[in-house]
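Hi everyone, thanks for coming. I'd like to walk you through one helix and then a few charged pairs, so have a look at the picture first.

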Amino acid sequence: MKAIALTSFGIPEVLKELELPIPSLTDTQVLIEMRASSINPADYLFRSGAILQSPMAHKFRDQLQLPMVLGNEVAGIVHEVGRKVTQFKPGDRVMGMVQRGSYMDYVAVEEDHLAVIPESLSFEEAGAAPTVALTAWQALFEQGHLQPGQRILIQAGAGGVGHVAVQLAKQHGAYVIATARDYNHDFVRGLGADEVIDYTKADFTTQITDPVDIVLDTAKDASTFGTGLPGEIGEKNFSVIKDGGTYISVVAFGINQYPKVRNIHAHFFQAQPNRTDFESIAHYLKDNQLKIHVNETFAFTAQGLLQAYRKSEELPKRGKIVISKNIG
């Protein structure tokens, strides 16, 4: 089968199409014929080699061997199921998450990390959904315990996780403040944001007059890569949270060790795949309560993936960048 692998670290990176054996299944896994996947910001840490100097490097030691197949999301058709799999059968359209390695013709995924794709959803939309939708869902409802009427600030409201979080928070009855560059303001308001602040032109701490209950920080802050601690944006986030509020970061992995401020519950969060949450997300997608914005789609080739990575680093940023077998 074809796989697209990273063959060296650094920017520009070297991507190559390889022939690899089709993955073998465990009893609890499903073999997916991949039709679409997507780009996630965390890929940058691996492609650039920054992960090698990160305090998190030891957690990924076994995954830092080249060539390396990236990709965390998959949408496709069930090709084969393990002996103990009961929820899926060959021919089902499914979407889900893997720890790493979805840029391949066939991907082995745990049954509990999958959900059936709603009929109304394309493979491209489904391939863009799992990581960002699950991260936003769990951050808001399982980590933040968001309640109707609460005030929430969502940093980078036009991004992958951000644009999903704005929709889910508004659907849940929260008052939503989001940050975004000026050219994304109409987009973010269209998602349901009550206020949108251009953080490049105004200090958001002066624009927020009443403290918020929760901050969900999805903004890519380069200063966090080396230390994992909140950068300039992170420091300002604390100042707009009420005493005893909640600060959830999907970027500052060292925030758990940060000194406690005004009894604010601050923690780093990564999504934990499970079928119950995926099925809840699929229900929202089916009922059009949630829409995944696909910014652009590229071919499943080494050149297409390189173009997708380049696009993900350009402005404007909005939604997700997708890799599809329906292109090229």
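**One helix and some salt bridges**

So, let's start with how α9 sits: its buried residues pack against β5 (93–97), β7 (114–116), α3 (130–143) and α4 (160–171). Keep in mind that this is a predicted model.

Which residues of α9 are buried? They are Arg275, Asp277, Phe278, Ile281, Ala282, Tyr284 and Leu285. The helix itself runs over residues 275–286, and its 16 Å reach from first to last C-alpha is close to what's expected.

Now the two ends. At the N-terminal end, Asn274 acts as a cap, with a side-chain oxygen 3.3 Å from the backbone nitrogen of Thr276. After the helix comes Asn288, with a positive phi near 60°.

Okay, on to salt bridges. How many does a search of the whole structure find? It finds 16.

Take Arg83 and Asp27, which meet at 2.9 Å, N to O. Arg83 is in the loop between β4 and β5, and Asp27 is in the loop between β2 and β3, so the pair ties together parts 56 residues apart in sequence. Arg83 is exposed, at 66% relative accessible area, while Asp27 is partly exposed at 31%.

Next, Lys236 and Asp203 form a salt bridge at 3.7 Å, N to O. Lys236 belongs to helix α8, and Asp203 to the loop between β10 and α6, 33 residues apart.

Then there's Lys311 with Glu296, where the closest N and O atoms are 3.6 Å apart. That one links helix α10 to strand β14.

Finally, Arg47, Arg310 and Glu313 are joined into one network by salt bridges that share partners.

Conventions:
Residues numbered from 1 in each chain as written. Predicted model: local features only at pLDDT ≥ 70, side-chain atom pairs only at ≥ 80, totals over all residues. Heavy atoms only, no water. Helix = DSSP H or I, 4+ residues; strand = E, 2+ residues; numbered from the N terminus. Expected span 1.5 Å × (residues − 1). Buried < 20%, exposed > 50% of the residue type's maximum accessible area, 1.4 Å probe, protein only. Contact = heavy atoms within 4.5 Å. Polar contact = N/O pair within 3.5 Å; in protein donor to acceptor, adjacent residues only side chain to side chain. Salt bridge = Lys/Arg side-chain N within 4 Å of Asp/Glu carboxyl O.
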